[in-house]
Structure formats: structure tokens, C-alpha cells
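Please look over the sequence and the structure shown below before reading on. The report that follows takes up its parts one after another.

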Amino acid sequence: MGRLVVSMFSTLDGVMQGPGAPGEDLEGGFAHSGWQAPFAGPESGAVIVESILSMDALLLGRTTYDTWVRHWPQARDVIGDHFNAIPKFVASRTMTEAAWAGTTIVRDVPTEVAALKQTYGETRVWGSGELLTALLAHDLVDQLDLWTYPVVLGSGKRVFRDGTLPAAFEVVGEPRAFTGGAILASYRRSGTPTVGTMG
């Protein structure tokens, strides 16, 4: 059986909206798209590329897909070549046709994503916060790679939305800090939250 890994870029206050470029995601009047770039560096970039090249299939939510389809189908570099070569899936209840060649529309997330995990060694999700909520609700996430950046924006779509299923996680491996300021920590679901008294 394969595994589903979610890669998410987040600010310190949990915002994941529009990290990649100015104007990337303006929904809700968001004015900070492109916030990730000041913290990028060759070290963290190499790890991101490595994780891209390791995946066998790509799963995206509709908003992220609509952003990516404006760039990656035309990209001719090591990342673009890999994205264009592997099977792609977009979770959407309303999309009727996928413009990116090699894309299949996923209607029934619990059933179809479970089938993806039976078919591919590693299916990876990038961004796609609303999809993450659904995946967690159905216990489909095997690993969450959370990239945290030293900036607070105060508004925007959050990694964990209202209504996210409560869950406990454990750290997988050693968190990594990069010279640009990013921290990468990987988490695996470990059950439900527990409570106790400090002291």
C-alpha cells in the first residue's frame, strides 16, 4: 500500500494562502501573496525539489489546481517535467473538464483517494487547505510535512480550518531549520488529543 503525504507552507500564525507569488491568491482581499519568497534559499529549495521528484502522483484541491495550471503545464525544467509526466488528480465537485493533460477529477474524496493509495507508491498533496480538512476527516493522511516561515500576516486562509477533525500527531524524524528561516517538521497522526494537568 502506498502513502499520502501533504506538503504545506505556513506562516507562524498558520496562514497558507498564496505563498508562491504576488497575486497568486487574492480571495477574501488577501494582500500578502508571495510571502514565502524572502525566506527561500538553495538548501530548502533542494529539499523541496527532492520531495517533488520522489512522488508518483499529485493530488490537489481545486483552488491550488487552478493556480498551478496557469504555470506548470508550460514549464520546461526538472520540476515541470516531473509534474507533467506523473498522474495528476484534482478534488472538485463542480469541475467538468481538467485543462492539464493527465489530470483526473476526483469527486468522492474518501473512496477515490483511498484507491490512489492502493495504486501509487507516494501520492503528494501541495497546499490545498480545504482538501486537507477532508483528508484528515477520513484519516487518509499518512504524513504532514509542515514548512513554517518566520512571518505573521494576521489574515488569510489557515492550514487548519474551522471544523478540522481533532487529532493528535507525533513528529517523524528530526525537524530541520534552514538558513533562510524556514523550519520543516514532519508529522504522523497518532490518534485523538489527550488532556492532562501541568505541574
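Which residues does Leu58 touch, not counting residues up to four places away in sequence? This is a predicted model, and in it Leu58 touches Trp68, Phe83, Ile86, Pro87, Lys88, Phe89, Trp100, Arg124 and Trp126. Several of these names return in the sections below.

## The sheet

The model holds an open sheet of eight strands, which lie in the order β4-β3-β2-β5-β1-β6-β8-β7 and are paired in a mixed way. At the edges are β4, covering residues 103-106, and β7, covering residues 168-177, each of which pairs on one side only. From one strand to the next, the twist averages 25°. Helix α5, made of residues 129-137, packs on this sheet and touches β1, β2, β3, β5, β7 and β8, while its direction makes about 135° with that of β1.

As background, the strands of a sheet pair through backbone hydrogen bonds, and they do this in either a parallel or an antiparallel manner. Both kinds of pairing can be followed here, strand by strand.

## Parallel pairs around β3

Strands β2 and β3 run parallel and are joined by four bridges, and within this pair the bridge partner of Leu58 is Lys88 in β3. Strand β3 is also joined to β4 by four bridges, and these two strands run parallel as well; here Phe89 stands opposite Thr104 in β4.

In a regular strand, the side chains alternate between the two faces of the sheet. In β3, Lys88 and Val90 point one way, whereas Phe89 and Ala91 point the other way, and all of them are buried.

## Antiparallel pairs around β8

On which strand does the bridge partner of Asp145 lie? The partner is Ser186, in β8, and Leu144 likewise has a residue of β8 opposite, namely Tyr187. These pairs belong to the contact between β6, residues 143-149, and β8, residues 183-191, which pair in the antiparallel sense over five bridges.

Strand β8 also pairs with β7 in the antiparallel sense, this time over seven bridges, and one of the bridge pairs is formed by Ala168 and Gly191 in β8. The strands β7 and β8 form a hairpin with five residues between them, and in the turn Gly181 has a positive phi of about 115°.

## The nonpolar cores

How many residues does the largest nonpolar core have? There are 31, and those with the most contacts inside this core are Leu58, Trp68, Phe83, Trp100, Trp126, Trp147 and Tyr149. The elements that give two or more residues to the core are α1 (42-54), β2, α2 (62-68), α3 (78-85) and β6, and the largest share, three residues, comes from α1. Apart from this core lies another one, of 22 residues, among them Leu4, Met16, Ala91 and Leu136.

## Ile86, a residue in a loop

Ile86, one of the residues that Leu58 touches, is found in the loop between α3 and β3. Is Ile86 buried or exposed? Because its relative accessible area is 9%, Ile86 counts as buried, given that buried means under 20%.

Leaving aside neighbours within four places in sequence, Ile86 is in contact with Met55, Asp56, Ala57 and Leu58. The C-alpha atoms of Ile86 and Ala57 are separated by 5.6 Å, although these two residues are 29 residues apart along the chain.

## The largest pocket

Rolling a probe the size of a water molecule over the atoms shows where empty space is left. In this model, the largest pocket holds about 1,200 Å³ of space. It is lined by 48 residues, of which the closest to its centre are Thr64, Trp68, Trp126, Gly127 and Ser128. At least two residues of the lining come from each of β1, α1, α2, α3 and α5, and α2 gives the most, with five residues.

Thr64 has its place in helix α2. Why does Thr64 count as buried? Thr64 counts as buried because its relative accessibility is 14%, which falls under the 20% cut-off. Not counting residues up to four places away in sequence, Thr64 touches Trp126, Gly127 and Ser128, and these three are among the residues closest to the centre of the pocket.

Key: Residues are numbered from 1 along each chain as its sequence is written. This is a predicted model: local features need pLDDT of at least 70, side-chain atom pairs count only at pLDDT 80 or more; totals for chains, interfaces and linings use all residues. Side-chain values use heavy atoms; hydrogens and water are left out. Two strands pair if DSSP finds at least two bridges between them. Axes are lines fitted to C-alpha atoms, for helices over the stretch in contact, and angles run from 0 to 180 degrees between N-to-C directions. Contact means heavy atoms within 4.5 Å. A nonpolar core is a set of buried Ala, Val, Leu, Ile, Met, Phe, Trp, Tyr and Cys residues joined through side-chain atoms within 4.5 Å. Buried means under 20% relative accessible area, exposed over 50%, partly exposed in between (1.4 Å probe, protein chains only). On a 1 Å grid over the protein atoms alone, a cavity is a set of points where a 1.4 Å probe fits but cannot get out, and a pocket is an open set with protein on both sides within 12 Å along at least five of seven lines; lining residues have an atom within 4 Å of a point. Grid points are joined across faces, edges and corners, and a volume is the space filled by probe spheres set on the points.
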